[in-house]
Amino acid sequence: MIELAAAAMAAGAMNAVAGGGTLVTFPTLILVGTGAEMANATSTLALVFGTAGSMFGYREHLRAIKPWLVRFSLVSAIGGVAGAMLLTHTSDSTFSKMVPFLILFATILFMAQDAFRRFSRKRSDAAHSGGAAMWGAMAFQLAVAVYGGFFGAGIGILMLASLGFLGMTHIHEMNALKTVLGSLINAVATLWFIKAGLIDWSKAGVMTVGAVIGYYLTARYAQRIPQHRVRQLISGIGFGISAVMFYKQFVK
C-alpha cells in the first residue's frame with residue numbers, strides 16, 4: 001500500500017501544478033496487480049477529491065462561468081455516464097489492449113497543451129458563442145465526456161481547446177469551467193463504477209488520502225515551480241509508462 005499512497009501523493013501534486021495525475025495512479029494500480037478496468041475506476045475515484053479541491057481554488061470565477069455551466073453540465077453528465085457504461089461493457093482483456101494507446105494519447109495531449117491554448121486563442125477572435133458554433137461545441141463536449149467516463153486522462157486539455165474556439169479568452173475562467181465540468185464527468189462516472197462494483201475500496205481509500213495530501217501540500221507552492229519543467233517530467237513519465245505497457249501487451 002505504500003507505493004499506492006506515494007503514487008497518489010505524486011498524482012495530487014502533479015494535478016496541483018500541471019495536471020496529468022492519472023498517468024501515475026492508473027499504471028501504478030495495474031503494476032500492483034489490479035485489473036485494468038478496476039484500476040481505471042479506482043483511479044478515477046481516488047482523484048475526484050483532488051479535483052474538488054481545485055474547484056475551491058477557482059471559486060471566485062464561478063459566477064462568471066455560470067452561463068457556460070448551464071449549457072454544458074447536462075451533456076457532460078450524460079457523456080460521463082455513457083463512457084462509464086461503455087467501460088463496464090468492455091471486457092478486461094480488450095480494455096487492457098487499449099491501455100497503451102490510451103496512455104500514449106493522453107501523454108501527447110498533455111505535452112501539446114500549450115500549443116492547444118495558443119491555437120485556440122488565435123481562433124477565438126473569430127469565434128462566436130451562438131448558433132452552429134455552440135451546438136458544435138456541445139457535441140464536442142459530449143464526445144469529451146464519453147472519453148472522460150471511459151478513461152479520462154487529457155479531458156481538461158480538450159475542453160480548453162474547445163472553449164477557446166467558442167471565444168473564451170480569460171484563462172482563469174476557462175480553467176474554472178473545465179475543472180468543474182471535469183469534476184462532474186469524473187463524479188458521475190465514479191457513481192456508475194460504484195454501482196457496477198468496479199472499485200477496490202481498500203486501494204481507493206489509501207490513494208484518496210494520498211491524493212488529497214499531495215494536492216494540498218503542493219497547491220500552496222505550485223506557483224513557485226517552473227511549470228514547463230514539471231510538464232517535461234510528466235510527459236517523460238507518460239511516454240515511459242506507455243512504452244512499458246506496449247511491451248507487456250504486445251512483445252513480452
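**Aromatic contacts and burial in an all-helical predicted model**

Phe 151 touches Phe 26, Asn 40, Phe 95, Leu 102, Ile 103 and Ala 106, when residues up to four places away in sequence are left out. The model is a predicted one, and in it Phe 151 is also named, together with Phe 72 and Phe 95, among the residues with the most contacts inside the largest nonpolar core. That core has 57 residues, and its largest share, 8 residues, is contributed by helix 9 (residues 171-196).

The secondary structure of the chain consists of 11 helices and 0 strands, giving the pattern α-α-α-α-α-α-α-α-α-α-α along the sequence. Of the 252 residues, 50% count as buried. Among contacts between residues at least 6 apart in sequence, 85% join residues at least 24 apart.

The surroundings of Phe 151 include Ala 106, a residue of helix 5 (residues 92-111). Ala 106 has a relative accessible area of 2% and is therefore buried. Beyond four places in sequence, Ala 106 is in contact with Leu 23, Tyr 147, Phe 151 and Ala 153. The C-alpha atom of Ala 106 is also separated by 8.5 Å from that of Ile 155, a residue 49 positions apart along the chain.

Aromatic pairing was examined next. The structure holds 7 aromatic pairs. Phe 26 and Phe 95 form one of them, with an edge-to-face arrangement, a centre-to-centre distance of 6.3 Å and an angle of 70° between the planes. Because Phe 26 lies in helix 2 (residues 22-31) and Phe 95 in helix 5, this pair ties together parts that are 69 residues apart in sequence. Both Phe 26 and Phe 95 are buried. A further edge-to-face pair is formed by Phe 101 and Phe 246, at 4.9 Å centre to centre and with 85° between the planes. This pair links distant parts of the chain, with Phe 101 in helix 5 and Phe 246 in helix 11 (residues 227-250), 145 residues apart. Phe 101 has a relative accessible area of 47% and is partly exposed; Phe 246, at 23%, is likewise partly exposed. Ring pairs further link Phe 26, Phe 95, Phe 105, Tyr 147, Phe 150 and Phe 151 into a cluster.

Helix 2, which supplies Phe 26 to this cluster, is mostly covered, as 9 of its 10 residues are buried. The buried residues of helix 2 are Thr 22, Leu 23, Val 24, Thr 25, Phe 26, Pro 27, Thr 28, Leu 29 and Ile 30. Helix 2 is followed by Gly 33, whose phi is positive, near 100°.

A buried polar residue is found in helix 3 (residues 36-57), namely Thr 44. Its relative accessible area is 10%. Thr 44 touches Asn 186, Thr 190 and Phe 193, not counting residues up to four places away in sequence.

Charged side chains were considered in two settings. Over aromatic faces, Arg 71 lies above Trp 68 at 5.2 Å from the ring centre, and Lys 195 lies over the face of Trp 192 at 4.8 Å from the ring centre. Side chains of opposite charge can pair when their charged atoms come close. The structure holds 1 salt bridge, formed by Lys 203 with Asp 200, the closest N and O atoms being 3.7 Å apart. Both partners of the salt bridge are buried: Lys 203 has a relative accessible area of 15%, and Asp 200 has one of 17%.

Confidence varies along the chain. The chain averages a pLDDT of 78, and 74% of the residues score at least 70. Confidence is highest in helix 4 (residues 62-88), at a mean of 89, and lowest in helix 6 (residues 113-124), at 58. Over residues 124-128 pLDDT stays under 50, and the model has 9 contacts beyond four places in sequence for this stretch. Where pLDDT is low, the predicted coordinates should not be read in detail.

How values were computed: Residues are numbered from 1 along each chain as its sequence is written. This is a predicted model: local features need pLDDT of at least 70, side-chain atom pairs count only at pLDDT 80 or more; totals for chains, interfaces and linings use all residues. Side-chain values use heavy atoms; hydrogens and water are left out. Helices (H or I, at least four residues) and strands (E, at least two) are DSSP runs, numbered from the N terminus. Buried means under 20% relative accessible area, exposed over 50%, partly exposed in between (1.4 Å probe, protein chains only). Contact means heavy atoms within 4.5 Å. Rings of Phe, Tyr and Trp (its six-membered ring) pair if their centres lie within 6.5 Å; planes under 30 degrees apart count as stacked, over 60 as edge-to-face and the rest as tilted. A charge sits over a ring if NZ of Lys or CZ of Arg is within 6 Å of the ring centre and within 35 degrees of the ring normal. A nonpolar core is a set of buried Ala, Val, Leu, Ile, Met, Phe, Trp, Tyr and Cys residues joined through side-chain atoms within 4.5 Å. A salt bridge is a side-chain nitrogen of Lys or Arg within 4 Å of a carboxyl oxygen of Asp or Glu. pLDDT is the predictor's confidence in each residue, from 0 to 100.
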